[in-house]
Amino acid sequence: MTINDYKFAGKKAIVRVDFNVPLNENGVITDDTRIRGALPTLKHILEEGGALIIMSHMGKPKGKVVAKYSLKQIVDAVSAALGTPVQFAEDCAKAAEQAAALKAGEVLLLENLRYYPEEEGKPVGIDKEDPAYEEAKKAMKASQKEFAKTLASYADCYVNDAFGTAHRKHASTAVIADYFDADNKMLGYLMEKEVEAVDNILKNIKRPFTAIMGGSKVSTKIGIIENLMDKVDNLILCGGMTYTFAKANGGEIGKSICENDKLELALDIVAQAKAKGVNLVLATDCVAADDFCNEANTQVCPSNAIPEGWEGVDAGPESRKAFAAAIEGAKTILWNGPAGVFEFDNFAAGSKAIAEAIATATDNGAYSLIGGGDSVACVNKFGMADRVSYISTGGGALLEAIEGKVLPGVAAIKG
Ligand code: AMP
């Protein structure tokens, strides 16, 4: 079923959203992006004459009631965003009466799902090494099903719009879907957009396809790099991982960040790219600094000839040109991870060059997807957020999807 086709009139919809918003010490929301992200779905259901039961997690209360993670703190903000009063259920697993009393157009927000360990489904208070762990895990899985069934009993249909947790097989993100037939469960608009964005770079690829992977380490990106290797025309590997590649090829990298146990892996990636005809673009020059701070002294030098006591902190001018050249002619672009320590303004030029080239390519008709916290922070920092095709809201979920993994939250609905 799709959200556009479902007839919500007179129905109760239980909607999993990601309202895990950051709060300051006074419980005031400091960034409401996630609430705004879910509004199209929530408003659509209300406008169509449905009643809403909204559920979410907040923070990591680890299966216990922890006041600072109470969703009660955001009731007023959600009411204001929806333009209608929001009722609150103090206990998400004991909300049957409140749910039953809801009329069309009314909204009930459930308390933090993660106050119950059943939400995540992991046994608490028992070590993985404990011989009784497997039994405890089995028992927890059974009570997770009961918990999901209780949540499901509140509503006629289930909508999942929480892309940020779509890579988790939790009670509210996946298990609950078993209690609705295919005609009564669907993805929300945000989830639909995210799934489409991933399809655009993994399935409906317009060529040439350029992927830019940056960040600090190669080890955390290897799954994605390997999956992309079969799909891309150009692969730019930048950021801190540059120096693992430079060292693997016999270069001098000073005190640059380096994963010494990944040198073989780096050489293997270079060989794979060659074998698959992928144009691998690595930074040939870098901005090196004598300290890890914005005011450090800097010099431009080859990425494989960095003086003792200096570290590569950004892509150099020659590399920026090479990156831009591989991006500007592309028709599909994926960017995850900065090209340098962009948090320091003096080391942001490489990431800025990438953001600018992506914006230019997008102006010329390319599809560009930006995902993963730091590259999103980059496009925001450089004021280019509205010049790219799509900025993903999902960190881990997006990365797993790009690795080619099936997301439990999507599979539970789409099969
Ligand atoms: P990741 O979480 O792996 O995507 O890495 C993002 C982080 O990598 C950012 O905080 C950057 O500051 C950092 N980073 C990028 N380039 C470098 C570099 N050359 N040296 C150290 N850290 C870097």
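This passage describes a six-stranded sheet and the packing of two helices in a predicted model. Local features need pLDDT of at least 70 and side-chain atom pairs count only at pLDDT 80 or more, while totals for chains, interfaces and linings use all residues. Residues are numbered from 1 along each chain as its sequence is written, and side-chain values use heavy atoms, with hydrogens and water left out.

Six strands, in the order E3-E4-E2-E1-E5-E6, form an open sheet with parallel pairing (strands are DSSP runs of E with at least two residues, helices runs of H or I with at least four, both numbered from the N terminus; two strands pair if DSSP finds at least two bridges between them). Strand E3 (86-89) and strand E6 (185-187) are the edge strands, each pairing on one side only. On average, neighbouring strands of this sheet are turned by 25° against each other, direction ignored. Strand E1 (residues 12-16) runs parallel to strand E5 (residues 157-160) and is joined to E5 by four bridges. Arginine 16 stands opposite asparagine 160 in E5.

The axes of helix H1 (residues 33-47) and helix H2 (residues 75-82) come within 10 Å and cross at roughly 60° (axes are lines fitted to C-alpha atoms, for helices over the stretch in contact, and angles run from 0 to 180 degrees between N-to-C directions). The contact (heavy atoms within 4.5 Å) is made by Ile35, Leu39, Leu42, Lys43 and Leu46 of H1 and by Val78, Ala81 and Leu82 of H2. H2 also lies across strand E2 (51-55), E3 and strand E4 (107-110), and runs at about 145° to E3.
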